[in-house]
Amino acid sequence: MNRIRASLIVLFILPLLFISACQPANKKETHYPLRVTTTTGMIADIVKNVGGKHVQVTSLMGPGVDPHLFKASQGDLQKLDDADLIFYNGLHLEGKMVEILKKIGKTKFVVAVADHLPKSKLLTAEKDQLDPHIWFDVQLWMEATNRVKHTLSQIDPQHRQDYERQTQQYLEQLEQLHEYARRQIGSIPKGQRVLVTAHDAFGYFGRAYDMEVVGLQGINTTSEYGIADVSGLVDLLASRKIKAVFVESSVPKRSIEAVVQGVRQRGHHVRIGGQLFSDAMGEAGTPAGNYIGMVRHNVDVITEALK
Ligand SMILES: [Zn+2]
């Protein structure tokens with residue numbers, strides 16, 4: 001009898017305690033379908049895939065928007081206020097929204113998808129700041145997907161099975177994407193596997209797919225680059241005879257154009273290999289308008305230009 005009672009406590013009472021501990025105080029009533037607001041489009045894409053018809057997703061940052069510099073407008077604050085649940089990246093990606101998200105977190109579910117990643121899997125950038133660009137390693141993004149699944153299942157346990165099933169399907173696609181990236185990048189000769197971009201967004205990409213990554217600007221687009229950075233890059237490109245450098249959709253092109261000019265003055269030819277999607281996806285309805293298409297686009301552009 002005592003054992004039965006003990007297992008009843010474990011089965012029913014403890015989960016209730018856990019859930020109530022996670023409920024923010026003064027939380028408003030949740031709607032159906034759940035209204036979810038995300039910061040980046042990549043996170044919105046996870047939520048759509050995991051949540052299906054049980055969620056209504058709005059993302060604050062559209063194509064070409066730089067999350068490091070993004071400030072919430074009055075309209076964005078309304079979208080955050082309307083949401084039952086908010087997902088953001090975390091690790092200081094949304095540097096100008098930290099305070100707002102913290103404040104809203106007192107009355108709503110506000111969850112960072114990067115939050116539960118083991119520290120051993122995260123890269124450190126300059127000044128001990130952790131690199132927030134986790135979506136560039138598809139396997140890390142799979143962990144972020146699981147975080148979204150756990151959160152939706154906790155808030156809306158009625159549809160847990162659907163979240164499980166939809167997550168499984170999405171994870172299978174992501175696993176294939178990871179293999180695709182590995183194969184394609186692996187086909188570039190090792191000496192040419194150098195990725196030169198305007199800002200250091202591709203550190204996780206480089207680690208996951210075995211590429212050397214060099215950025216002109218620090219990890220955060222708010223930091224300035226100097227003449228020394230440009231000439232250092234020019235030296236590297238000229239001495240290693242790198243064929244191409246890349247521009248990014250969410251960062252102004254002029255910095256990388258200055259590098260191309262410098263290399264040409266040294267008599268070596270380097271071209272702009274194409275545009276990569278770094279901190280934002282492409283327009284909705286285009287191939288790079290979802291996460292899988294965005295990663296494939298990047299992998300194809302890089303492989304094509306460097307091979
Ligand atoms: Zn960035």
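**View 1. The zinc ion and its protein donors.** In this predicted model, the zinc ion has as its protein donors (N, O and S atoms within 2.8 Å of the metal, or 3.2 Å for Na, K and Ca, with water not among the atoms, so sites may look incomplete) His68 (NE2), His133 (NE2), His199 (NE2) and Asp279 (OD), which lie 1.9 to 2.2 Å from it. The angles that the four donor atoms subtend run from 94 to 124°, which makes the arrangement tetrahedral, a term that for four donors requires all angles to lie between 85 and 135 degrees. His68 lies in the loop between β2 (55–59) and α3 (74–82) and His199 in strand β5 (residues 194–199), so the pair ties together parts that are 131 residues apart in sequence; helices (H or I, at least four residues) and strands (E, at least two) are DSSP runs, numbered from the N terminus. Both His68 and His199 are buried, meaning under 20% relative accessible area with a 1.4 Å probe and protein chains only.

**View 2. Thr167 in helix α6.** Thr167 belongs to helix α6 (residues 160–186) and is buried, its relative accessible area being 1%. A polar atom of the Thr167 side chain lies 2.6 Å from the backbone oxygen of Tyr163. Leaving aside residues up to four places away in sequence, Thr167 touches Val50, Thr145, Asn146 and Lys149, where contact means heavy atoms within 4.5 Å.

**Notes.** Residues are numbered from 1 along each chain as its sequence is written, and side-chain values use heavy atoms, with hydrogens and water left out. Because the model is predicted, local features need pLDDT of at least 70 and side-chain atom pairs count only at pLDDT 80 or more, while totals for chains, interfaces and linings use all residues.

Key:
Tetrahedral: all angles 85-135°; square planar, octahedral: opposite > 155°, others 65-115°. Buried < 20%, exposed > 50% of the residue type's maximum accessible area, 1.4 Å probe, protein only. Polar contact = N/O pair within 3.5 Å; in protein donor to acceptor, adjacent residues only side chain to side chain.
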